[in-house]
Amino acid sequence: MSGTDDLVTYEMRGDVALLGLNRPEKRNAISDRFVEAIHDAVTRASLEAKAGVIHGHGTHFCAGLDLSEHSEKPLFEAVKGSRRWHAVFDAIERGTIPFVSAISGAAVGGGFELAAATAIRVAETNAFFALPEGQRGIFVGGGGSVRIARLIGPARMGDMMLTGRVLDAVTMEAWGGVSYVVETGEAVDRAVELADRMASNAEFTNYAILNALPRIADMSSEDGLFTESMVASLATMTPEAKQRLKDFLEKRAAKVEAPGG
Ligand code: 1HE
């Protein structure tokens with residue numbers, strides 16, 4: 001690891017890598033150095049783990065962009081900085097393993113953008129979400145205009161940015177921005193549980209989910225259906241799929257359980 005690793009803690013729990021944003025005194029605000037630390041940890045997890053969890057140390061997930069650093073940046077440096085966030089967050093969203101975010105406290109600005117790059121968001125009841133870029137005189141630069149807009153819709157995202165409204169976890173769940181709401185203190189455990197389940201999937205299927213679904217969403221229906229057939233056929237060709245289908249047919253694999261069953 002580079003000299004940035006103290007900013008992100010790294011721990012393996014079975015097949016799951018736990019990445020902890022570790023700048024609690026600044027509410028995990030993301031500086032340039034912090035982006036590189038996230039990159040290093042994501043790269044390491046992609047090599048060693050089958051799924052990952054991103055959480056924040058301290059009482060907040062992440063307060064977004066480090067505003068102290070940003071206010072000093074010349075124009076082109078700001079562009080390059082934003083593009084670097086895109087590259088690093090893209091490795092989370094469309095990499096080789098799925099990530100889950102475990103959110104407590106603030107997921108604000110770039111913190112929400114980071115969470116939006118993960119496949120699944122688990123929020124504690126104390127979590128809150130805001131996009132205060134309007135108040136700060138800036139704009140989302142960590143992929144939010146694409147990812148958050150697609151999660152909750154551009155109108156709701158525009159509302160958050162224009163009015164500065166702050167949403168609690170339950171409202172954000174109703175808006176589609178988080179998938180699970182849990183009691184305070186339980187997000188990491190639930191996220192690890194979900195990541196464990198993902199880690200037991202066929203690796204190629206996870207890869208296809210992360211990489212084909214968002215691309216197909218960008219395509220016309222016709223292109224999407226064609227691409228789906230290609231990806232589905234490729235998945236079926238993997239030795240893992242052949243084995244798993246055989247296991248099911250020979251009654252060695254778990255059935256799908258009805259909820260509560
Ligand atoms: C920071 C940052 C930050 C805290 N950059 N230093 N993000 C924001 O506009 C959110 C700004 N932060 C807050 O509204 C609050 O800090 C929180 C609601 C997240 C947490 O409140 P609290 O009371 O727990 O902490 P605090 O006392 O406000 O902050 C503790 C310290 O962290 C304090 O520094 P200190 O030296 O006075 O102790 C804060 O200045 C510092 N701190 N947040 C720098 N963000 C790629 S584009 C993305 C665009 C955006 O992300 S815009 C949204 C930016």
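Two residues are in contact when heavy atoms of theirs lie within 4.5 Å. The exercises below use that idea on a predicted model.

**Exercise 1. Which residues does Ser31 contact, leaving aside its neighbours within four places in sequence?**

Step 1. Locate the residue. Ser31 sits in the loop between strand S2 (16-21) and helix H1 (32-48).

Step 2. Apply the contact rule. With neighbours within four places left aside, Ser31 is in contact with Arg23, Asp66 and Glu69.

Step 3. Check its cover. Buried means under 20% relative accessible area. Ser31 has 6%, so it is buried.

**Exercise 2. Find two residues in the loop between S2 and H1, Arg27 and Asn28, and state the sign of phi for each.**

Step 1. Place them. Arg27 belongs to the loop between S2 and H1. Asn28 belongs to the loop between S2 and H1 too.

Step 2. Recall the background. Most residues other than glycine have a negative phi.

Step 3. Read the angles. Arg27 is not a glycine, yet its phi is positive, about 55°. Asn28 is not a glycine either, and its phi is positive at about 60°.

Step 4. Add the exposure. Arg27 has a relative accessible area of 41% and is partly exposed. Asn28 is at 0% and counts as buried.

**Exercise 3. Which residues of helix H6 are buried, and what covers them?**

Step 1. Mark the helix. H6 runs over residues 144-152.

Step 2. List the buried residues. They are Gly144, Arg147, Ile148, Ala149 and Ile152.

Step 3. Look at the spacing. An α-helix has 3.6 residues a turn, so residues three or four places apart point the same way.

Step 4. Find the cover. It includes helix H3 (75-93), helix H4 (110-117), helix H7 (154-163) and helix H8 (169-174).

Step 5. Step past the end. Gly153 follows H6, and its phi is positive, near 95°.

**Exercise 4. Describe the surroundings of Ala130.**

Step 1. Place the residue. Ala130 lies in strand S7 (residues 128-130).

Step 2. Judge its exposure. The relative accessibility of Ala130 is 7%, so it counts as buried.

Step 3. Collect the contacts. Residues up to four places away in sequence are not counted. Ala130 then touches Ala107, Val108, Gly109, Met160, Arg165 and Val166.

Step 4. Take one long distance. Asp6 is 124 residues from Ala130 along the chain, and their C-alpha atoms are separated by 27 Å.

**Exercise 5. Gly224 and Ala254: which is buried and which is exposed?**

Step 1. Start with Gly224. Its place is in helix H11 (residues 221-237). Its relative accessibility is 6%, so Gly224 counts as buried.

Step 2. Add the partners of Gly224. Apart from neighbours within four places in sequence, Gly224 is in contact with Ile216 and Met219. Ala212 is 12 residues from Gly224 in sequence, and 9.2 Å from it in space, C-alpha to C-alpha.

Step 3. Turn to Ala254. It lies in the segment after helix H12 (239-249). The exposed class begins over 50% relative accessible area. Ala254 has 73%, so it is exposed.

Step 4. Take a distance for Ala254. Trp85 is 169 residues away in sequence and 40 Å away in space, C-alpha to C-alpha.

**Exercise 6. Why is the protein chain said to be as compact as a globular protein of its length?**

Step 1. Count the elements. The protein chain has 12 helices and 9 strands.

Step 2. Compare the radii. The radius of gyration is 19 Å, close to the 18 Å that the globule rule gives for 261 residues, so the chain is as compact as a globular protein of that length.

Step 3. Add the extents. The C-alpha trace spans about 60 × 40 × 40 Å along its principal axes.

Step 4. Look at burial and contacts. Of the 261 residues, 44% count as buried. Among contacts with a separation of 6 or more, 71% join residues 24 or more positions apart.

**Exercise 7. Where is confidence lowest, and where is it highest?**

Step 1. Take the whole chain. Its mean pLDDT is 96, and 98% of residues reach 70 or more.

Step 2. Find the two ends of the range. Helix H2 (residues 67-70) is lowest, at a mean of 90. Strand S4 (residues 99-103) is highest, at 99.

Key: Residues are numbered from 1 along each chain as its sequence is written. This is a predicted model: local features need pLDDT of at least 70, side-chain atom pairs count only at pLDDT 80 or more; totals for chains, interfaces and linings use all residues. Side-chain values use heavy atoms; hydrogens and water are left out. Helices (H or I, at least four residues) and strands (E, at least two) are DSSP runs, numbered from the N terminus. The radius of gyration is taken over C-alpha atoms; the globule rule is 2.2 Å times the number of residues to the power 0.38. Buried means under 20% relative accessible area, exposed over 50%, partly exposed in between (1.4 Å probe, protein chains only). pLDDT is the predictor's confidence in each residue, from 0 to 100.
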